[in-house]
Amino acid sequence: MLKATQIYKSYQQNEILHGVDLTVSRGEFLSIMGESGSGKSTLLSILAGNLRPDSGSVILDGKEISTLREKELAALRRTRLGFVYQSLNLLPTLNGEDNILLPLYLDRADTVRGRARIQELAGLLHIEKVLHAFPDTMSGGERQRVAIARALIHDPSILMLDEPTGSLDSASTEQVMKLLCHINAELGVTVLQVTHSEAAAAYGTRIIRLCDGRVVEQ
Ligand SMILES: Nc1ncnc2c1ncn2[C@@H]1O[C@H](COP(=O)(O)OP(=O)(O)O)[C@@H](O)[C@H]1O
Ligand SMILES: [Mg+2]
């Protein structure tokens, strides 16, 4: 469902990705591991269409995303893809529920259906009790689960997460990873995470490594 071929990316004169090839199949939970600074966030942003590569191709659901116009790309991102940033990007002035509904507000989409879906997602992610709380009063694990709910509000076919357990203790890491396994296996959402944690990566159905700007299969 996602195929990247010969992705190159430099910042100034510094080449970070030297021809990454990568395929994500429908239904898998893929972990991409790499050291800090190896280019994981850069690669994930390119795969999500948030950042353009210098060269190479990314095909998502049969569409070459590098040739889409901004508007088409935004529509594809909104409807097919859920993205959880490492910093989560929760708005501090909105409570949990409004943070989760934010993509629908931005899209001027049907928030009535969204509110019904919130109850479902809240049950699934065990966040019922923080729907009316603000992010600064939530625990790290609760914030992460609210951000995952927001990424799932559009019912995407693929969920991408940048270091989802980067700031969590081991108990919260286990909880979040088990939820991702459930979302993958039971809801049929393809999951792609980048992480530097061996423990988090191990929950994936496949692990690959980003090393010296290229992908190495395990
Ligand atoms: N916007 C940017 N401008 C310049 N250099 C950047 C930028 N983003 C990332 N880098 C550099 O690219 C390298 C890879 O970064 P990143 O993709 O964030 O790695 P990772 O997520 O694996 O830690 C790092 O050396 C980082 O400093
Ligand atoms: Mg990173």
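Okay, let's start with one pair of side chains: Thr42 and Tyr11 are joined by a polar contact of 3.1 Å. Before I go on, please keep in mind that this is a predicted model.

So where does Thr42 sit? It's in helix α1, which covers residues 40-47. Is Thr42 buried or exposed? Its relative accessible area is 10%, and because the cut-off for buried is under 20%, Thr42 counts as buried. If you skip the neighbours within four places in sequence, Thr42 touches Lys9, Tyr11, Leu17 and Leu51. So Tyr11 turns up twice here, in that contact list and as the partner in the polar contact.

What about the rest of that helix? Of the 8 residues in α1, 7 are buried, so the helix is mostly covered. The buried ones are Lys40, Thr42, Leu43, Leu44, Ser45, Ile46 and Leu47. Just after α1 you get to Gly49, with a positive phi of about 75 degrees.

Gly49 also leads us to the empty space inside. How many cavities of 30 Å³ or more does the structure hold? The count is 1. The volume of the largest cavity is about 60 Å³. Its lining is made of Ile46, Gly49, Leu51, Arg52, Pro53, Val58, Ile65, Ser66 and Leu73. You'll recognise a few of those: Ile46 was on the buried list for α1, and Leu51 was one of the contacts of Thr42. By class, that cavity lining has 6 nonpolar residues, 2 polar and 1 charged.

Now the pockets, the open ones. The largest pocket comes out at about 550 Å³. It is lined by 20 residues, and the closest to the centre are Arg78, Phe83, Tyr85, Pro103 and Leu106. Which elements build that lining? At least two residues each come from α2 (70-80), β6 (81-84), α3 (96-106) and α5 (140-152). The top contributor is β6, with 4 residues. And if you're wondering about the chemistry in there, the lining splits into 13 nonpolar, 4 polar and 3 charged residues.

The second largest pocket holds about 150 Å³ of space. Lining it are Leu104, Ala109, Asp110, Arg113, Gly114, Arg117, Ile153, His154 and Asp155. Which helix gives the largest share? That's α4, residues 111-125, with 3 residues. Here the classes read 3 nonpolar, 2 polar and 4 charged.

While we're at α4, have a look at His126. It sits in the loop between α4 and α5, and its phi is near 55 degrees, a positive value in a residue other than glycine. At 47% relative accessibility, His126 counts as partly exposed. Asp61 is another one of that kind: its phi is near 50 degrees, again positive and again not a glycine. You'll find Asp61 in the loop between β4 (55-60) and β5 (63-64), and with 23% relative accessibility it is partly exposed.

Further along the chain there's another threonine to look at, Thr165. It lies in the loop between β7 (158-162) and α6 (170-185). Why does Thr165 count as buried? Because its relative accessibility is 7%, and the cut-off is under 20%. Leaving out neighbours within four places in sequence, its contacts are Thr173, Val176, Met177 and Ala200. Thr165 and Gln193 are 28 residues apart in sequence, and their C-alpha atoms are 10.0 Å apart in space.

Last stop, the cysteines, since somebody at the bench is bound to ask. A disulfide is a covalent bond between the sulfur atoms of two cysteines. How many disulfides are there here? The count is 0, going by sulfur atoms within 2.5 Å. As for how covered the cysteines are, Cys181 has a relative accessible area of 25%, which makes it partly exposed. Cys211 is also partly exposed, at 38%.

That's my tour, from the polar contact between Thr42 and Tyr11 to the partly exposed Cys211. Over to you for questions.

Technical notes:
Residues are numbered from 1 along each chain as its sequence is written. Chains are lettered from A and ligands numbered from 1 in the order in which they are written. This is a predicted model: local features need pLDDT of at least 70, side-chain atom pairs count only at pLDDT 80 or more; totals for chains, interfaces and linings use all residues. Side-chain values use heavy atoms; hydrogens and water are left out. On a 1 Å grid over the protein atoms alone, a cavity is a set of points where a 1.4 Å probe fits but cannot get out, and a pocket is an open set with protein on both sides within 12 Å along at least five of seven lines; lining residues have an atom within 4 Å of a point. Grid points are joined across faces, edges and corners, and a volume is the space filled by probe spheres set on the points. Ala, Val, Leu, Ile, Met, Phe, Trp, Tyr, Cys and Pro count as nonpolar, Asp, Glu, Lys and Arg as charged, and the others, Gly among them, as polar. Buried means under 20% relative accessible area, exposed over 50%, partly exposed in between (1.4 Å probe, protein chains only). Contact means heavy atoms within 4.5 Å. A polar contact is a pair of N or O atoms within 3.5 Å; within protein, one must be able to donate a hydrogen and the other to accept it, and residues adjacent in sequence count only if both atoms are side-chain atoms.
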